[in-house]
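Welcome! Please take a look at the structure below, then read through the briefing, which is grouped by topic.

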Amino acid sequence: MSRTLCIALCVLATARGAPAQVKPIPKKPGTPAMPGMGAMPGMQADSSKTKRPPSARPGATRDTMTMDMPMPVPMPKGMPMIPGLVGLLPPVAPFLPGAGMDLARLPAAKPSQVARLADGDTLDLTAVLVRRTIKGHSFAMYGFNGQVPGPLIRVPQSATITVRFHNRIDLPSTVHWHGVRLDNRFDGVPGLTQDSVMPGQSYTYTVHFPDAGIYWYHPHVREDIEQAMGLFGNMRVDSPERDYYSPVNREETLLLDDILVNGDTLIPFGKEAPNYALMGRVGNVLLVNGEPRYALRVKKGEVVRYFITNVSSSRTFNVSFGGAPIKVVASDVSRFEREERVSSVVIAPAERYVVEVRFDRAGRFTVVNAIQAINHYAGEFLPDVDTLGIVTVDANRATPDFATPFSTLRANADVSRDIERFRPFFDRAPDKTLTLTVATNALPLATVQFMNVDTAYFAPVEWVDGMPDMNWLSTSKQVRWILRDDSTGKENMDIDWTVARGSVVKLRLFNDPKSFHPMQHPIHLHGQRMLVVTRDGVPTKNLVWKDTAIIPVGSTVDLIIDASNPGSWMLHCHIAEHLGSGMMTVLHVR
Amino acid sequence: MNHSAWIGRGLLVAFVVAAGGPFDIPLFNTPKAPDAKGQARLVFAPSPFGIAVTADGRASYDIQIEASALPAPSSLGAYSAYVAWAVTTDLKTWNQLGTVTNGHNVVGHAELNKFLLVITAESSATPKVHVGPTVLHGTSPSGWLQSFLSHPLFRGIPP
Amino acid sequence: MRRLVAVPALFALAVAARAQDPGTVLPQSDGKHNGTEKMHMLAHVVAHPGAWKAADIELEQDRDRPYVYLCGFVNFDVQIYDIRNTSAPKKVYEWTIENPELHRGIGAMDGKYFKIGNKYYYAQSYQFMQGSPDADLGAVIFDVTGLPDPSKVKVVARIRYPQSPGGFHNTFAYKHSDGRVLYFATINQSKALVYDLSKVVSGAPETTWLIGEVPNPTPYKQIGGGGYHDFYVGYDPGTHQDKFYGAGLGGYSVWDVTKPEMPKQLFTITSLGMDIAHTFTPSPDGHYAVTETEYQYTPLRIWDLSAGQSGKTQNIDLPISAWTADWRDLSHNHEVRWPYVFVSAYEDGLQIFDLKDPKHPKTDGAWFTCECEHEHGFGGTPDNGWQSTNSVEQGAFGVDVRNYDGLIVLSDMRSGLWLFKMDGFNGWNGHDYGMPNISSVQDFDHGPEKTVKPVVPHD
């Protein structure tokens, strides 16, 4: 949330730092005390739980607050809460996994294991409660088969497997096979393709894998909770072509994530509706494969192929490997037409990228997420680097040496041939257009006031949460994220689009920069594949089949959809809280 | 020097811009080219990720410039071309982007968090340094980012 | 809900700059032309083409240095006029920021001259927006000893404060009782900065220039903070203290800056309607004060500060009287030469009233310099394209008075530089009115008068 507003807080911080003796204004009897600067809650992270009676504070919601909620929300250093928001609570009951359970009795989360399956195999996938320890603090969370990330399902292309899903957590759930163009009946969307799987129940999926690549699976019920708490895993679909990718020394899977904690406490979710609805829940601890620090030891000259998936609720990453050269080779549903050198990997929630990295000298390579945050108090950009892990490179040289194939930027002619038949559609007028916007209702007054005092600049991508308190207090009861059909004015699930099977659909998406809170949206289409053909009128020169595309603020993005898979398919923003706030519709392919 | 006219226009349009899109840069002329008009738009440089950023997260933009009524460079002196620059706000670093003529131009890449877009007349299409006069100029949308304490609300002017 | 663009509203002046093309005859307003009988307009200089001509003004006091400094506002320049012939001011020097076309901001706002040793200097404050070059520039210091020879005027220093982009809106050069010449400056933070000017002009390391900060203790309630707009610094011979009278967001405050490195808060003036405190000037003995708050329809308020000065109260919340030129309008800055108050009163031009009876201010003279249409000053919103349709903030911006002969100079945003005399006012010395000889005019050679003079009796 990059609104202008930590300012008052920072003003307080500034005044607090003044050297001279500042006397507060003398109070007349009955005058409400002005917030004493030193005593302002939020000045420092407070990990203690504070019990707050529902009616403790005038103006606070009277909705149920039956559980201790740690107060306040973690704020960036030097950024206290907006005075008008102090003491307020989001109008939802708090929820945390395993509430009331003895944490010590939960099984410890295990690292992901590979489930190598052949055509016709069956996998039991059970969502359970686990105990995860992150930076010395233990939390009750979820995991598939007790693993976080969930099992890496590895199958050959064209295989069909059976997955028996067992729900052993405390919420209804399903499993969605993200990016896989499978039979619609098994897409895992409650209310559309199935009912929710209630706790204690099971459901059987038949999953067919028509496309090679890297995919992931996750719940499609309250993703803001279940996915955030650990229910996710990868699927690797191996092409029968031996040289589908270049030869490398090893392959690694990276699932990028984050988690929001306040010391030893998870920040509760909203029980009946998501909180953090404005910007999504952006964590303050970054994770790779469920851990705060990734480590790998390789030999000098090794080429490592990374399959990278962003499983976070809202964060877009910009990952690099300590200056080691990177080549991007594939994304969601296919390889690129041409491999490309890149300096870093920009990956939005739900996207996948396959990259190859060559560690060409001995030493330590720091894997980082490096972004430019915006300090709205100062009106300046602020470099923000988080270390994700370390790759230690031995002096011993790797064999075989794949320097040459690494330096070769392959052109994948088969991908280009496949795309060729869609090119006639690139320049035609859009068949459908959607505007991405938002509507709000009954947000706290201070939030509305400060959001309306807007800057003249909207960053195309918000990399961090610039206003955690406003974000935390916003729920999907007050925020409605919108996909609006420009031709009919209908929004979200009221949009009724049906296209013929086998048709090619050009969809234009416009992210309205004049909305109340413009921010980027990773838009995901179930069950089909799509091409991002133009961004802001500029044709994409190196195409790749996608199922998720990021739409920056103010951008107009044109997609070509290969609507070949029949069924009713969700189209939605993959920021979990935005999805939970309504930003979804259905595309019927008949 | 009469600054009022172009300063006033510049500030005015800046505010109009502030209400426009996040990628638009209106260009203001100078007394050297009082009839020149221009508008620039940022587009992300080609990237396989759709969003082009550097390894440290700075956005990388190509800049589309629509210019009209630029006089012949030679009419301003010993100049033969107009060159676009992305300039740091302290005016210390001038990154050459490319040449500009009347009509549609695409120059790039600008990889600065905040920058001025400046078009000067130069004696070469690829000068080593800028020496010629400014004919058109603008500010990146991010250049409008302000300390919140400069907001009227905090400076004694009610909203 | 209406959305505002968070850029300083003063920048919207540029709209008017465009709305009024150079040379357009400004419509006349309400018959406010010329002045009252006692007032004599000596000279009027347009100063700049275009709609916006000047911000503040500064007048040197020495008899052999007849110089006026006109701050160029959005013209980004400063002009120096030789006014030995008060009927025909002659521009002798002009300086503009480098690369002006690339700058954005309200530009040259406030100027103060000062003297160190036998050298004279002028500090021109600047305000450029973030994203503009020189957003960290607060002031440019000129050595003006060699005037009227322009070739001898040199830039000797630039004061920058990168921690708070946006420059210095208002400044005050003060000859401290300890002999130092100090420079107080507003910034876009909840404090004023204090510089030692001898370090600035001597080429001392920049890290030694800033010697203190005066916080704003009156937080703007709605937003929990806010900076100073303007201030006055003067010596109190009764208490032997150097005192800072600050007008900041949220109200007014008085500080003991005898040790400017460690200011001590004395008392405040806060009450309803005080949130946008703009200007604060005491009487020479600190007994009374004149304040301005920046709202249309707001009069100047006159206060009895004795309870605060004596420590009896920490906050004063009730004025003793008020004055306005026209209830529909707003005043801007003022200079106190007790009992006279000289006001640059926006649409009402130069106004002079006296506080011989502080509870009953009386207007002595006026001259209408704006020649503008009522409520057509800068302002507006993005909704109306920042068209100035309803602001009275146009016209007379700054005023200064020459103590030795009573010459009055005024800067008008719309019309430029003006020189006046008023019958019966041929100079000012506080002793003539039973006061210390203390005003905004500094005795840079000897320092502030430290002798206690009889205090004007009050009820």
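## Confidence in the model

Residues 380-387 of chain C have a pLDDT under 50 throughout, and the model gives this stretch 18 contacts beyond four places in sequence. Keep in mind that you are looking at a predicted model. Its overall scores are ipTM 0.86 and pTM 0.84.

- Chain C has a mean pLDDT of 88, with 87% of its residues at 70 or more. Residues 1-28 of chain C, however, have a pLDDT below 50, and the model shows 91 contacts for them beyond near neighbours in sequence.
- For chain B the mean pLDDT is 84, and 79% of the residues reach 70 or more.
- Within chain B, helix α1 (residues 4-18) has the lowest confidence, with a mean of 38, while strand β4 (residues 81-87) has the highest, at 98. The pLDDT is below 50 over residues 1-19 of chain B, a stretch with 58 contacts in the model beyond near neighbours in sequence.
- Where pLDDT is low, the predicted coordinates should not be read in detail.

## Chain A: overall build

- Chain A contains seven helices and 39 strands. Of its 590 residues, 55% are buried.
- Many contacts link distant parts of the sequence: among contacts in chain A with a separation of 6 or more, 81% join residues 24 or more positions apart.
- Chain A is split into domain 1 (103-238), domain 2 (250-418) and domain 3 (423-442 + 477-589).
- The C-alpha centres of domain 1 and domain 3 of chain A are 26 Å apart. Where these two domains meet, eleven residues of domain 1 of chain A are in contact with 16 residues of domain 3 of chain A. On the domain 1 side, three of the residues are nonpolar, three are polar and five are charged.

## Chain A: a closer look

- Which residues of helix α5 (residues 445-452) of chain A are buried? They are A446(A), T447(A), F450(A) and M451(A). These residues lie on the same side of α5(A), because they cover an arc of only 125° around the axis.
- G363(A) belongs to strand β25 of chain A. Is G363(A) buried or exposed? With 12 other C-beta atoms within 10 Å, G363(A) counts as exposed. Its C-alpha atom is 8.3 Å from that of V391(A), although the two residues are 28 positions apart along the chain.
- The largest nonpolar core has 205 residues, and V355(A) and L559(A) touch the most other members. Setting aside neighbours within four places in sequence, L559(A) is in contact with L507(A), L509(A), M530(A), L531(A), V532(A), V533(A) and A549(A). Another core, of 130 residues, lies apart from that one and includes V45(C), Y174(C), F184(C) and L407(C).

## Chain B and where chain A touches it

- Chain B has one helix and eight strands. Reading from the N terminus, their order is α-β-β-β-β-β-β-β-β.
- Buried residues account for 55% of the 159 residues in chain B. Of the contacts in chain B with a separation of 6 or more, 57% are between residues 24 or more positions apart.
- How many residues of chain A are in contact with chain B? There are 43 of them, and they meet 30 residues of chain B.
- Several elements of chain A each supply at least two residues to this side, including α1 (7-16), β20 (317-321) and β26 (380-397). The element that gives the most is β25(A), with four residues.
- By class, the side of chain A that touches chain B has 28 nonpolar, eleven polar and four charged residues.

## Backbone details to spot

- Most residues other than glycine have a negative phi, and most peptide bonds are trans. The examples here are exceptions worth finding on screen.
- A cis peptide bond runs from T399(A) to P400(A), with omega near -5°. P400(A) sits in the loop between β26 and α3 (403-407) of chain A.
- The bond from L147(C) to P148(C) is also cis, with omega near 10°. P148(C) is in the loop between β9 (137-143) and β10 (154-160) of chain C.
- L91(B) is not a glycine, yet its phi is positive, near 65°. This residue lies in the loop between β4 and β5 (94-100) of chain B. L91(B) is partly exposed, because it has 15 C-beta neighbours inside 10 Å.
- E375(C), which is not a glycine either, has a positive phi of about 55°. Its place is the loop between β27 (362-367) and β28 (396-401) of chain C. With 18 other C-beta atoms within 10 Å, E375(C) is partly exposed.

Key. Residues numbered from 1 in each chain as written. Chains lettered and ligands numbered in written order. Predicted model: local features only at pLDDT ≥ 70, side-chain atom pairs only at ≥ 80, totals over all residues. Contact = placed C-beta atoms within 7 Å. Nonpolar A, V, L, I, M, F, W, Y, C, P; charged D, E, K, R; others polar. Buried ≥ 20, exposed ≤ 12 C-beta atoms within 10 Å, placed from the backbone. pLDDT = per-residue confidence, 0-100. Domains from an automatic or database assignment. Arc of directions from axis to C-beta. Core = buried A, V, L, I, M, F, W, Y, C linked by C-beta atoms within 7 Å.
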